[in-house]
Amino acid sequence: MPASAPARSTAALGVRLLRVRWIVRAPVWLYRARLGFLFGSRMLMLEHTGRKTGARRYVVLEVVDQPRPGRYVVVSGFGDRAQWFRNVRVQPRVRVSVGAHMPRPATAQLLTSEETAAALTAYAADHPRAWAALKPVFETTLGAKISGTETGLPMIALDLANGPGS
């Protein structure tokens, strides 16, 4: 069934907003100003290393799933073209800030297609309104339809390091 005109225009607006740098960077500024608690536990800030420059980079991402304490699953809405995604594939040692908590070391791991499909299905069931709004945006950015097992959305699990001071 083709998407309705309002859904297409909402998706187009969402894609345009994702390309406005100051809008995308604003949550990073809030986290760096110690205001990450405003996002609760649905968002996290990922600190990663640039694969070419070696410089620290920051991105705020929605938590798609938290299967257990200390493990967060995030999705790359721009597929494997997202710079943060490409960076963590090269250098999986990252730092993660959630809510008001200070950054903690973590390791990034690409989920399998089965794990991705399961996480996406659970997200759609837990957050139907958010998924209804995000799905057409993701389909537009990816240039492909998203179905149950064929998502085209790569997901990364972030496992926090254990121990004192981590």
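**Figure 1. Bend in helix α5 of the predicted model**. Helix α5 bends by about 30° at Leu134. A proline, Pro136, follows Leu134 within four residues. The helix comprises residues 128-142, 15 residues in total, and its first and last C-alpha atoms lie 20 Å apart, close to the 21 Å expected at 1.5 Å a residue. Buried positions in α5 are Trp131, Pro136, Val137, Phe138, Glu139, Thr141 and Leu142; the proline that follows the bend residue is thus one of the buried residues. After the helix comes Gly143, with a positive phi near 75°.

**Figure 2. Aromatic pairs, including Tyr31 with Phe39 and Trp84 with Phe85**. The structure contains 3 aromatic pairs. In one of them, the rings of Tyr31 and Phe39 are stacked, with 5.4 Å between centres and 5° between planes. Tyr31 has a relative accessible area of 5% and is buried, whereas Phe39, at 24%, is partly exposed. The two residues fall into separate classes because the limit for a buried residue is under 20% relative accessible area. Trp84 and Phe85 form an edge-to-face pair, with a centre-to-centre distance of 6.0 Å and an angle of 90° between the planes. Both members of this pair are buried: Trp84 has a relative accessible area of 9%, and Phe85 has a relative accessibility of 3%.

**Figure 3. Arg32 over the ring of Tyr58**. The view shows the charged end of the Arg32 side chain, which sits over the aromatic ring of Tyr58. The distance from this charged end to the centre of the ring is 4.2 Å.

**Figure 4. Surroundings of Thr49 in strand β1**. Thr49 belongs to strand β1, which spans residues 43-49. The side chain of Thr49 makes a polar contact with the side chain of Arg56 at 2.9 Å. Leaving aside residues up to four places away in sequence, Thr49 touches Gly54, Ala55, Arg56, Asn87 and Gln91. Arg56 is therefore both a polar partner of Thr49 and one of the residues in contact with Thr49, contact being defined as heavy atoms within 4.5 Å.

**Figure 5. Overall context of the close-up views.** The protein chain has 5 helices and 6 strands. From the N terminus on, these elements follow the order α-α-β-β-β-α-β-β-α-α-β. Of the 166 residues in the chain, 39% count as buried. Among contacts with a sequence separation of 6 or more, 60% are between residues 24 or more positions apart.

Technical notes: Residues are numbered from 1 along each chain as its sequence is written. This is a predicted model: local features need pLDDT of at least 70, side-chain atom pairs count only at pLDDT 80 or more; totals for chains, interfaces and linings use all residues. Side-chain values use heavy atoms; hydrogens and water are left out. Helices (H or I, at least four residues) and strands (E, at least two) are DSSP runs, numbered from the N terminus. A polar contact is a pair of N or O atoms within 3.5 Å; within protein, one must be able to donate a hydrogen and the other to accept it, and residues adjacent in sequence count only if both atoms are side-chain atoms. Rings of Phe, Tyr and Trp (its six-membered ring) pair if their centres lie within 6.5 Å; planes under 30 degrees apart count as stacked, over 60 as edge-to-face and the rest as tilted. Buried means under 20% relative accessible area, exposed over 50%, partly exposed in between (1.4 Å probe, protein chains only). A charge sits over a ring if NZ of Lys or CZ of Arg is within 6 Å of the ring centre and within 35 degrees of the ring normal. The expected span of a helix is 1.5 Å times one less than its number of residues. The bend at a residue is the angle between axes fitted to the seven residues ending there and the seven starting there.
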